[in-house]
Amino acid sequence: MSPQASTDALVNDAASSEYLVFSLGDEEYAVDILKVQEIRGYENVTRIANVPEFIKGVTNLRGVIVPIIDLRLKFHLDKVEYGGQTVVIVVNVDDRIVGIVVDGVSDVMSLAPDQIKPAPEFGVTLSSDYLSGIGSLEDRMLVLVDIEKLLTHEEMQLVERTAESA
Amino acid sequence: MDISDFYDTFFEEAEELLADMERLLLDLDVDDPDVEELNAIFRAAHSIKGGAGTFGFTVLQETTHLLENLLDHTRRGELSLRRDIVDTFLETKDMLHDQLDAYRNGGEPDAEAFERISRVLQQMALDELGQQQALTQAPPVDKAPAPAPAVSTPVQSELEPAMQAVEEGKGQRLSITLTGVSDKDRALLVEELEHFGTMVSQSGDTERYQVTLDSSESKDDIEVVLCFIIEPEQLSIEVAAAPAVAASATAETPVAEAPAESASGPAEASTVPTAEAVSDPDSAAPKAESAPARPAGKAGGKAAKGSESSTIRVPVDKVDQIINLVGELIITQSMLEQTASDLDIVSHGPLVNGMNLLQRNARDLQEAVMSIRMMPMDYVFSRFPRLVRDLAAKLGKDVELVTEGKSTELDKSLIERIIDPLTHLVRNSLDHGLEPREKREAAGKPTTGRLTLSAQHQGGNILIEVIDDGAGLNRDKILAKARSSGIAVTDTMSDDDVWQLIFAPGFSTAEQVSDVSGRGVGMDVVKRNIQEMGGHVEILSKTGQGTTTRIVLPLTLAILDGMSIRCGRETFLLPLNAVLESLQPQPEDIYSMAGDDQLLKVRDEYLPIIALHHALDVTDAKTELTEAIAVIVQGEGRRYALLVDDLVGQQQVVVKNLETNYRKVPGISAATILGDGSVALILDIADLHRLDRRKSQQRHEAKRQHLHEVSLV
């Protein structure tokens, strides 16, 4: 391999980034793979009272108490079922560990910058605030979720804002 | 490796030394200072100076140098202490602390402050020592401590040359003692010493080796060089001007010859130098220098060595990690235990035995690890003598500070968080509690006020009390103040309730706002801080006799004795110390109030009922009051009847913070992991009650809304 080629590869690497693709119902979403800590099954979640419906509760992740959020409920999907296929993506954002429930995880995609289109203005459910764009891959469309913005967003009620924002 | 890698170690060490210095300065009896203490203070300054020099912290080095000089004169008895001198020393210590902080934060210390303090110190040196010189002749050096012991004996034959050397003032005879130095190091040291002057004699073994040296170098210089090879504790250098003294001491008092070190009695000690001071004032100085240096060096060295080998500095997060891991181990162990308990004991005997052993070991390990986090209350109490001293001086009051239970241990995280609230309470007691001298006299009390800080264990709690023998809280004044700030009060309120009023935000009965306290911010913060730590504050007060503020805290936040309860299909934990009793409610004991609220009568007491399933929206729970079990619990000093489905049992759990990855949940204080690996929530009684009230109100609103709509239709 010539030095030139290896530099090219590096540039290419730096420009494109990898995404973990997951499904919610029939839709495909993707998150920055660097934010993902692990993927595990949905089990043993302890309910927490008086919180929004999409916060399923907390679970024990090897001794760490981790909140679990169901993105399907957050995005108001019609069919929400918990079965053997139901998967929890454990992400690490803003020094916090959070599990998000999705219908399934399909693959890891590498997206070049020209494959990422800016996110259009959406309706009410999915604010474009926490979308980093739309990834187009031949006939597939991936909704790229900025998981950090989503999870620290006020309406998620995951993070207490009172003290920090003051 | 960069030298800056060692900065942190130096900062930590210097910080400790400064704390030591302050403590010693405060303990010092100005009229009759203890030589050991003076030496210890001097050594602290000396060590800081050395470190500061090594790392190039010039300002720090120079300030300590000035201080060290003065301290050196003090310990030699050439500078007699006065209160204001100690004050200046304390001020210098504060300055050193500021400088240390500045360096720690990567900056340079305040040059102006440095100049000011060095001027003060230099002036003091000039004033005090100039004066002292004139005095040497008249009174004997009365505080010249401990006699020069055994060391001087072996060199008796060299008496005359030694004297000569001293009188010439150039070269001096030094007696160097090396303790616990290996043969190899010793050879190196002796070689090194030969560069300094003429070796007169050397003898001894590994344990103790003596070198006599004629040298024109100063004692300090030699010490610095030798300390490259050995520890300062192993070395003692004396100016051997002592033979004359030794001789006379032998003649007069044979006791002095015995190597009884500092214990050999101050009587002999003073007679020897006195005789000499009068007969030969010139040699008095070297004598004074040599005498105290030795025993102190030795005793101090031992102490320092002892603590060095018995403690180890470890970052807190490492300890926390161990605690977490042990917590995990315990959970895994109880998981295994559950599995094993289903097995047949006969066919699985060894396994069951092994499980029992594992359980015991795991518990022991947990206990041992938890104790690492425990620190004595002395860590907190030791900072108050200074505060009290300064404040009392500022307020013009005489205050005696008494501390009790210094060795009571408390979790480190709590220790750190208790300092601020406690400081506030102490300030309050000094400012508002203790009366001025005249008032105390008029009330027939001793003019010196007494402030007691005490700590003691009580069950799973620690009680920390701030007790003053001052005027006590003024009930009328508090009530009047409460009325004027719009707090609902009645004259018939119990004393306890009245005292609790001072914790209301913005409440202060001080007529005059001083810069010590009385701004009205504070007591509420104290209360909040302590509640955040899982504790509460109580006040006991008697007019004319004083006030006691009692802080009750759990011993540790990491482990909790809990009572697990069931509601529906969910398991929750109650802190065991909140649980008083449990009972089956009888229909006739349940009373309704204002429609929705219900009370349970328990032995002539009416307790508000909190239905857990209602507060936490538990489905499938027993909703019929008489079917459920009422657990009588207390939170923030009040009692409630908590309705649950079942009591499961008592267990010790590792407390896990919910806020690490999530947020504060109403009614819940933390979470824990149960034996089966699932998460259970730990209930916060007082918060649960608030939550319940809020929900009842919401339901009320909704009902009213509904009624309103109905009536409109």
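What share of the contacts in chain A with a separation of 6 or more comes from residues 24 or more positions apart? In this predicted model, the share is 52%, where contact means heavy atoms within 4.5 Å.

Residues are numbered from 1 along each chain as its sequence is written, and chains are lettered from A, ligands numbered from 1, in the order in which they are written. Local features need pLDDT of at least 70, side-chain atom pairs count only at pLDDT 80 or more, and totals for chains, interfaces and linings use all residues, while side-chain values use heavy atoms and leave out hydrogens and water.

Chain A has 166 residues, of which 43% are buried. Buried means under 20% relative accessible area, exposed means over 50%, and partly exposed lies in between (1.4 Å probe, protein chains only). About 8700 Å² of chain A is exposed, with 49% of that area supplied by carbon and sulfur atoms. These areas come from the Shrake-Rupley method with a 1.4 Å probe; for residues, only the protein chains shown count as cover. The secondary structure of chain A consists of 4 helices and 11 strands. Helices (H or I, at least four residues) and strands (E, at least two) are DSSP runs, numbered from the N terminus.

Chain A contains an open sheet of 5 strands. Their order is β3-β6-β7-β5-β4, and the pairing is mixed. The edges are taken by β3 (36–41) and β4 of chain A. Each has a single partner strand, so one side of each lacks a neighbour in the sheet. Neighbouring strands are turned by 30 degrees against each other on average, direction ignored. Axes are lines fitted to C-alpha atoms, for helices over the stretch in contact, and angles run from 0 to 180 degrees between N-to-C directions. Two strands pair if DSSP finds at least two bridges between them. Strands of a sheet pair through backbone hydrogen bonds, either parallel or antiparallel.

At one edge, β3(A) pairs with β6(A) in the antiparallel sense over 5 bridges. V36(A) has V91(A) as its bridge partner in β6(A). At the other edge, β4 covers residues 55–61 of chain A. Of its 7 residues, 6 are buried, so this strand is largely enclosed by the rest of the structure. Strand β4(A) runs antiparallel to β5 (residues 64–70) of chain A, joined by 6 bridges. T59(A) has V66(A) as its bridge partner in β5(A). The hairpin of β4(A) and β5(A) has 2 residues between the strands. Within this hairpin, R62(A) takes a positive phi near 45 degrees.

V101(A) lies in strand β7 (residues 96–102) of chain A. V101(A) is buried, with a relative accessible area of 0%. Its C-alpha atom is separated by 9.0 Å from that of G41(A), 60 residues apart along the chain. Leaving aside neighbours within four places in sequence, the contacts of V101(A) include L24(A), Y42(A), I68(A), L71(A), Y82(A) and T86(A).

T86(A) sits in the loop between α2 (71–74) and β6 (87–93) of chain A. T86(A) is also buried, at a relative accessible area of 5%. Its side chain reaches the backbone nitrogen of G83(A) at 2.7 Å. The same side chain reaches the backbone oxygen of E81(A) at 3.4 Å. Such a polar contact is a pair of N or O atoms within 3.5 Å; within protein, one must be able to donate a hydrogen and the other to accept it, and residues adjacent in sequence count only if both atoms are side-chain atoms. Beyond four places in sequence, T86(A) is in contact with residues including G41(A), R72(A), V102(A) and D103(A).

In chain B, 6 strands form an open sheet in the order β14-β18-β19-β17-β16-β15, with mixed pairing. The edge strands are β14 (579–583) and β15 (590–593) of chain B, each pairing on one side only. The twist averages 35 degrees from one strand to the next. Strands β16 (residues 597–602) and β17 (residues 605–611) of chain B run antiparallel and are joined by 4 bridges. K601(B) has Y606(B) as its bridge partner in β17(B).

Two helical residues of chain B were also examined. T64(B) lies in helix α3 (residues 58–75) of chain B. T64(B) is buried, with a relative accessible area of 0%. Its side chain reaches the backbone oxygen of Q61(B) at 3.0 Å. Not counting residues up to four places away in sequence, T64(B) touches A45(B), I48(B), K49(B) and L96(B). H46(B) lies in helix α2 (residues 35–55) of chain B. H46(B) is partly exposed, with a relative accessible area of 32%. An unreviewed UniProt entry places the feature "modified residue: Phosphohistidine" at H46(B). UniProt positions are given in the numbering used here, feature names are shortened, and annotations may be inferred rather than shown by experiment.
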